[in-house]
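Morning, everyone. I'd like a few minutes on one model. Here it is.

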Amino acid sequence: MQNVEKISLNGIWKLNHYKKLIDINAQVPGSVYEALIEHNIIEDPFYGNNEHKMSWVYKSDWCYETKFDVKSNFLEHSKILLRFHGIDAVAEVCLGDELLGSTENMFRTYDFEVKNKLKANSNELKVLIRSPTKKAREEIKKYKNRLITSMEALPGAPYIRKAQYSFGWDWGPKLPDIGIWQSVELIGFDTLRISSIYPIQTIKYKDPGMIKKLKEPSFIAESVKLDVNIEVDSIIENIANLNYTIRLEIKTQEKDTYYNEVSLKENNQIVELSLLEPHLWWTHELGVPYLYDLTVAILNDGAIIDKKSQKLGIRDIQLIRKPDNWGETFYFKLNNIPIFAKGANWIPIDSFIPRGKKLGLYRKNLKCAKIANMNMIRVWGGGIYEDDLFYDICDEFGILVWQDFPFACAVYPHHEEFIENFKKEAIQNIKRLRHHPSLALWCGNNEIEQLWKALLFMSNINDPDTISRFKNSYIDLFERILPEFVKEYDSTRPYWPSSPSNGGIRDQIEYVNPNSPDKGDSHFWKVWHGGAHFSSYRKFNSRFMSEYGFESFPSLKTIATFCAPEQFDFYSPIMNNHQKNSAGNKKIMRYMKRRFTIPEKFKHQIILSQITQAEAIEYGVEHWRRNRNDFHCMGSLYWQLNDCWPVASWSSLDYFVRWKALHYFAKRFYQPIFPSVKEGEDEIEFWITNDLTSSNEVILQWKILNSNGVVFLDGSFNSRILPFSSVKLGNIDVSVINKESIQKQNNIIFYTLKDGDNSDEVIFHGFRLFDSPKKFSLYNPQLSYEFEDISAEEPEYKITITSKNIALYVYIDSNIVDFIASDNFFSIEEESRIITIKNINFLNNKDKLINHQEIRTLFKVRSLYDLIKK
């Protein structure tokens, strides 16, 4: 008897296009586009208008081929599976001259029995991947409905279980990928193997009341009972009589070990283990996202037959929906702690996903999310169930995940083959992801419930009987099948039918208002799509803001990677092609003109677009965080965190993970303890929000001055702010100093939040104008700055910035290096501010060492005054 063995078939394969006589090496996992770029067969699809030269790629069929040998002892296994963890998407798989089967779903794992088909030498494996757009056209013809995700996207995408964004979205190119995008392996075993491990946790808390008393909530649990469900794939009968045992082992980070060993009685068995005073898994702002090592081994007469390990985070997650004065609550409780969700929406990391993984974009983007104080990421339904690496990093970083099933903005097929295909997909992925402590919620789809009538119109579906079939299928899929699957396969997690939603439509999809602010989650697009002023955010009192956003351009360094300098203009052909939202660049300019004097230089306009975006999102977040009392609003997930290519979009991190102004603002407005100002014509309100488990003594110092630096009013508030609360510290009458319009336009509020127990520790700096920045009289701030080396191990510098007058939106920039600053795009009065700069990398030479004598030449410090001066 042998133990379970695996042989990876990853590596270099051959990629063929017979008609074009293309025969090249290609990496697996990988993408056709990746290989074509690497071999200079196509130019960079992201550059200029090259995207539109790529249609021949996705209109073609492609063949991956490899040859491999297998050692004779491996061939002796009783059962051998060929496993594809992901083929994108419609393909035929052949071993030698024999067709093993076909694939029809990017999101599924496919197993083929090859025990009697393998030989020791020269096995030839072929994967013929069909054109996704050709398949889509065939489905449209077959079912006589032209289903689409948007008017701009390639038609037929909803028929194919494939990442919908790849057919084109209002921030992404039309580049539907093709390839073996996940690993390929052979699995050999003789009797049985472990197929799934699912720990169900029951936490007993010491005393829920003591949560309010604890500075550090890590040890509020008295014990946890683990019921570890272990599924076994077996080819033997009467397993209970064959002397197999299961050994469950849990190891702490301190190397303590707990275990239980029991007889294996059935193919689906629960092994129990209890821990006293366990370390709980927390979001990073509340504590340590503690992870245990969990290992399950199956033994026979003491010999290990199979072993599987995964991380274990002990935590309890609940979605709390209770009737209240406004309607119904919608918030998450983590280990009995009410969480205000702060974060953003996530799209796939690259148009060619395997490449993005190789570039390290998962860790880079999520690290920046954590730095910006985000505790939740929503994986949007037009993308994918993410790579295991994504959830591993979220587990590690203490970031919760809202997971959409991959359906978005479309009417989806109702025929049986489609539904059965999806059922297998859903079960596989629920089982694959359910052990992750970061996974907080399963959501059925993105915006289908909200946009139902518009989606029918968009796909030209108007026959009542046809509408009824699609409607019944929607209800069956998202309000029966999926909640039943989640209950059966992941019973401890909540399911939500759509985003936005008030909790389901049953048979009333034509009549319900899924985006009511009184219950459920909300998407708000009056600002941006509707052209409304930022102030509209304050009129929308949502229970949970799961999507809203505002566009800007990426940095000039990023623009230079796809656009020649002669087209550095908002409305040039290339800039328009890298703006996928209809009239988006005009909209950016229109919003900028409301707030700012428009500079002549393109590079300054780019920066101003980012400041406008950041101001808009900040305006909304401040309002919703002020509303957290009594769980009125308990979430803010802006659209969007990242980009899949270099583009003008709603992201706060561009494709190269460069921080826009919004990401620096997010780091400030997502702080756990956060002050804000609600300005009005005649009075202002000062607020503080506390998302932590402990009360905090704070001092808020404020002053109101004019553009000449003359102080009219000042003061301070000393307050003890309770956990999980927002407090209005006070109202200040400004009717006298703002009596005339010219006064109001030139007055500004500066405020500083300090630790009440240590007044030298500054928690937050902020400012607020009473009118648009273009009406504020700016004077030359005469900015000066000095550098100091503060790290001998890696390039890290302290920069002291000094201003002699009020300086708005002070920003540190470089066209030579990338970097991350401790703060950026901030405003100061006549003062000095110390900023730390780290993660410094030269653009053209990542390994180049910093010359400390020349550090000053790498950076420039400017402000709004420099952007708009003639």
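**Charge, cysteines and one covered helix**

Keep in mind that this is a predicted model.

Let's start with Cys409. Is Cys409 buried or exposed? Cys409 counts as buried, with a relative accessibility of 10%. The cut-off for buried is under 20%.

Now, disulfides. How many disulfides does the count come to? The count is 0, where a disulfide needs two cysteine sulfur atoms within 2.5 Å. Take Cys409 again: the nearest cysteine sulfur belongs to Cys443, and that sulfur is 12 Å away. So Cys409 is in no disulfide, given the 2.5 Å limit. Next, Cys644. Its nearest cysteine sulfur is that of Cys409, 15 Å away. Cys644 is in no disulfide either. Cys644 is buried too, at 1% relative accessibility.

On to the surface. Which residues gather in a patch of positive charge there? They are Lys19, Lys59, Lys134 and Arg137. Look at Lys134. Lys134 sits in helix α4, which runs over residues 132-143. Its relative accessible area is 34%, so Lys134 is partly exposed. To join a patch, a residue needs over 30%. Lys134 clears that with its 34%.

Last stop, helix α15, residues 661-669. How many of its 9 residues are buried? The number is 8, so α15 is mostly covered. The buried residues include the aromatics Tyr664, Phe665 and Phe669. Ala661, Leu662 and Ala666 are buried as well. So are His663 and Arg668.

That's my tour. Over to you for discussion.

Technical notes: Residues numbered from 1 in each chain as written. Predicted model: local features only at pLDDT ≥ 70, side-chain atom pairs only at ≥ 80, totals over all residues. Heavy atoms only, no water. Patch = residues over 30% accessible without salt bridge, like charges linked within 9 Å, V, L, I, M, F, W, Y side chains within 5 Å. Areas by Shrake-Rupley, 256 points an atom, 1.4 Å probe, with all protein chains shown as cover. Salt bridge = Lys/Arg side-chain N within 4 Å of Asp/Glu carboxyl O. Lys, Arg positive; Asp, Glu negative; His and termini not counted. Charge placed at Lys NZ, Arg CZ, Asp CG, Glu CD. Helix = DSSP H or I, 4+ residues; strand = E, 2+ residues; numbered from the N terminus. Buried < 20%, exposed > 50% of the residue type's maximum accessible area, 1.4 Å probe, protein only.
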